[in-house]
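Student: Before we go through this model, could we settle how its parts fit together, one question at a time?

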Amino acid sequence: MTIPLALSAFTHLWNPIGFPSIHVDESHYMRRAMVVLNGHGPQDPYYPYDHPYFGQIFLAAVFAMIGYPSSLNNSSSSISSYSPSSSFDSNNNNNNNNNNNMLHSIEMLYLVPKVLMGLLAVVDTFLIYKISEYRYNRNVALIASVLFAVMPITWLLRRVYLDSILMPFLLSSILFAVYTKNNSSPPPSSYSYSSSKSSEDKDKDKDKRNKKNNNNTTTITNKNIPLVLLSGIFLGLAIFTKVPVVALIPLVGFLIYTNNNNSSSSRKRRLKTLGLWFIPVILIPLIWPAYSVSIGQFNLWWQGVVHQTDRTVNLIDTDINGSLLKSVGVFYQIDPVLLILGIAGLIFAGAIKRDFLILLWVIPFTIFFVAIGFAQYFYVIPILPAFCIGAARMISDLSGKKIIINISRNKGQGGGEGEKKRIQQILPLAIITGIAIFGLISTSMLITTNVNSSFFQVYAFVVQHLPQNGGSGGSSDNNNNKVTLLGRHWWVWNTFWIPKYVFHKDLVIIDPRFDPNFKTPIRTEKILFIGDGLFRHKVLSPNVFVHIIIPGSNVTERVVSIEELYKDSTKIGSFVDNMALNRFTSVPDISQPGTPQRIDIRANYY
C-alpha cells in the first residue's frame, strides 16, 4: 500500500498551483465557501440552486479549522492599492514590491485549497486499494491503486471540483458496503451429526443448532447496522454535494442487498437492511429542497434543477463540452491508455466475470448523462476508480492464468510447476510496472510545468488596481470606490472572489455569457475591463449598447456602445497568456493551443 500512496502524493501534491490551469468552476466553489465562512449561509447569491450545499460547507469547515484565509496574513491594508491619480510606472520599486506581495498573496490563497484537493486524492487512492483488496485480492488492489495514482487523467482531481470533493465520500460508502460481506456469514455449527444418536437426541441438537444460528444471525445483523448506516450516510453526503451521484445508488444498494444474502438471512431481513440504508441516502440530500421550501423559494430551486439538465454550449466559453461523446473524446485526448484499459476491463467484467460492481458503477452513470444530454469532461471523475479497478482485475486475471498456461505449453517438458509459479508471480508485476512507468512519466511531464504564472500576474494586477474602500459591507450604489468589472465569463468570475471576500474591495460584475446584450445597467462611475482575445472579438460590438445609470444627488444616465466604452478607457496593463504557450493536449481549456493571447487591462479611472 505504501507504493501507491507515495506515487499518489507525488502526482497530486507536486506543483499544485502551477498545474493544471485554473478552471472557472473552482472560483465558483471557492466563492461559495467564502460566503459560508463569512457567516452568510450556504446559499449562493449569484447561482442559488445549481448544486446542493455540502461542497461549500465542507470547504468552509476545513478552512475554518485551519484559520484560512486569515492565517495567511493577507490584508488589504498591508498591500497598498494604486490610487486613481497615480500613473502606472513599471520601473517604480514601490509598485514592484506591492505587485510581488500581492502576487504572493494570490498564489498562497490558491495553494491551500489545491493542497486540500491533493490530500483528498491520496485518500481516494487508499480507499480504492481497500475496496479492491476486500472485494478481490491484493494484486488487484495494488494494480488499481497504482493506476489511479499515476495515470494522466487523474490530474483532474487536482482542481477544486465538486466531483473531487465528493470522491472520498462516495468511495467510503462503497467500502463500507463491501465490508458488510465479512459480517454476513454465520460461523459453522459446532454440533456434530452422529448416526448413533437417537432421533430424540437429534431433534434436540437440531433445536439447539437453530436457536444458536438465530442468535448468530441477530448478532451479525447488529454488527452490520453501523456499516450499513455509514455507507448510507456517506452516499447521502456525496449526493448532497452533486446530484448526479444518484446514478450510483443501484451500485451501493446492490452491494448492501447481496452482501447480506446468506442461508440464514431471509428476503424480508435483507429488504429491511436495504431500507435502513436508504434512510440517510434519501434524507440527507432532501435538506436542499427542504431549505428552499422553508424560505419560500421552491420555484427557484426547481428552475435551477431544470436549468442544470437543459444546458447548452455558449460560443463565448469554448471550454464547455456539450455532450457525453465530446467528453469521452477529451478523455481519450488526455489519457487514451486508461480509457482503453477501462473499457476493456468493463467488457471483461460483464462478458466473462459477471462482475456487477464494475457494471453498476459505470453503466447507470453513463445512462444518466446520456439522458440529460449535457456533460463536461471532468464529469467522468466519479467513474475513474471503476476504470482502474476493472482494468486491474482484467490484468490480474489474464496475466495470472491464460497467459501462464500458454507460456508453460510453449516451454514443453522443460517448464515445471515451479517455473510456472514464478512466471505467474512476475508477469502481473511486470505488466503493472510498465504501465506505471508510462503513466508516471506522462503525468510528471504535465505536473512539472507552470501554466498559471500569467493568470496569477493578471489576477494580482487587477486586485492591486481596484480602489481601496470600506469593505464588502458597503453596498450602496453611490460608493465612489465601487467598480464594475467587465470581461469574459472566465475572467470576471475567476478574479472576483479574492478581492471581494479576502481583500474586501467593493465590486460588481456583468457577465456577457448570461447577459450578452448588456441589459443589466452599469451603476458605478468606475469600470475596469479584462479584455482577452475572445472578449475583444466576440463581445465588443458597436451594435451592443450599455445603459449607464450613476445614482446620487444628481442622477446621470446615458447609453453608449460597449465598444466605445472599452475604447474610451485607458490601458493600464497588458499580459501574454502563457496557458496557451505551454498548452499540452492534456489541458483542453483553450480553443487555440499554442497561440499566445494578449490580455489588456483597461480602466476609466486612470
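Student: What is the strand order of the open sheet of five strands?

Tutor: This is a predicted model, in which local features need pLDDT of at least 70, side-chain atom pairs count only at pLDDT 80 or more, and totals for chains, interfaces and linings use all residues. Residues are numbered from 1 along each chain as its sequence is written, and side-chain values use heavy atoms, with hydrogens and water left out. Strands (E, at least two residues) and helices (H or I, at least four) are DSSP runs numbered from the N terminus, and two strands pair if DSSP finds at least two bridges between them. The pairing in this open sheet is mixed, and the order is β2-β1-β3-β7-β6.

Student: Which are the edge strands?

Tutor: An edge strand here pairs on one side only. From one strand to the next the twist averages 20°, where axes are lines fitted to C-alpha atoms, for helices over the stretch in contact, and angles run from 0 to 180 degrees between N-to-C directions. The edge strands are β2 (507-510) and β6 (570-577).

Student: In which sense, parallel or antiparallel, do β3 and β7 pair?

Tutor: Strands of a sheet pair through backbone hydrogen bonds, either parallel or antiparallel. Strand β1 (residues 483-487) pairs with β3 in the parallel sense over five bridges, with L486 opposite F529 and V483 having K526 as its bridge partner. On β7 (residues 597-603), I601 stands opposite I530 of β3. Over four bridges, the sense of the β3 and β7 pairing is antiparallel.

Student: How many of the six residues of β3 are buried?

Tutor: Buried means under 20% relative accessible area, exposed over 50%, and partly exposed in between (1.4 Å probe, protein chains only). K526, L528 and I530 are buried on one side of β3, and I527, F529 and G531 on the other. For strand β3 (residues 526-531), the number buried is six of six.

Student: At about what angle to β6 does helix α18 run?

Tutor: Helix α18 covers residues 453-464 and lies across β3, β6 and β7. Contact means heavy atoms within 4.5 Å. The angle of α18 to β6 is about 165°.

Student: Why do the buried residues of α10 line one face of the helix?

Tutor: In α10 (residues 287-294) the buried residues are W288, P289 and S292. They line one face because, seen down the axis, they fall within a single arc, taken from the directions of the helix axis to the C-beta atoms. The face turned away from them carries the exposed residues V293 and S294. The arc that holds the buried residues is 90°.

Student: How far apart are the closest N and O atoms of R31 and D44?

Tutor: A salt bridge is a side-chain nitrogen of Lys or Arg within 4 Å of a carboxyl oxygen of Asp or Glu, and by this rule the count comes to 16. R31 and D44 form one of these: R31 is in helix α2 (residues 24-37), and D44 is in the loop between α2 and α3 (54-66), 13 residues apart. Both residues are buried. Their closest N and O atoms are apart by 2.6 Å.

Student: Is R135, which forms a salt bridge with D355, buried or partly exposed?

Tutor: The closest N and O atoms of D355 and R135 are 3.9 Å apart, and the two residues are 220 residues apart in the chain. R135, K353, D355, R393 and D397 are linked in a network of salt bridges. D355 is buried, with a relative accessible area of 4%. At 26%, R135 is partly exposed.
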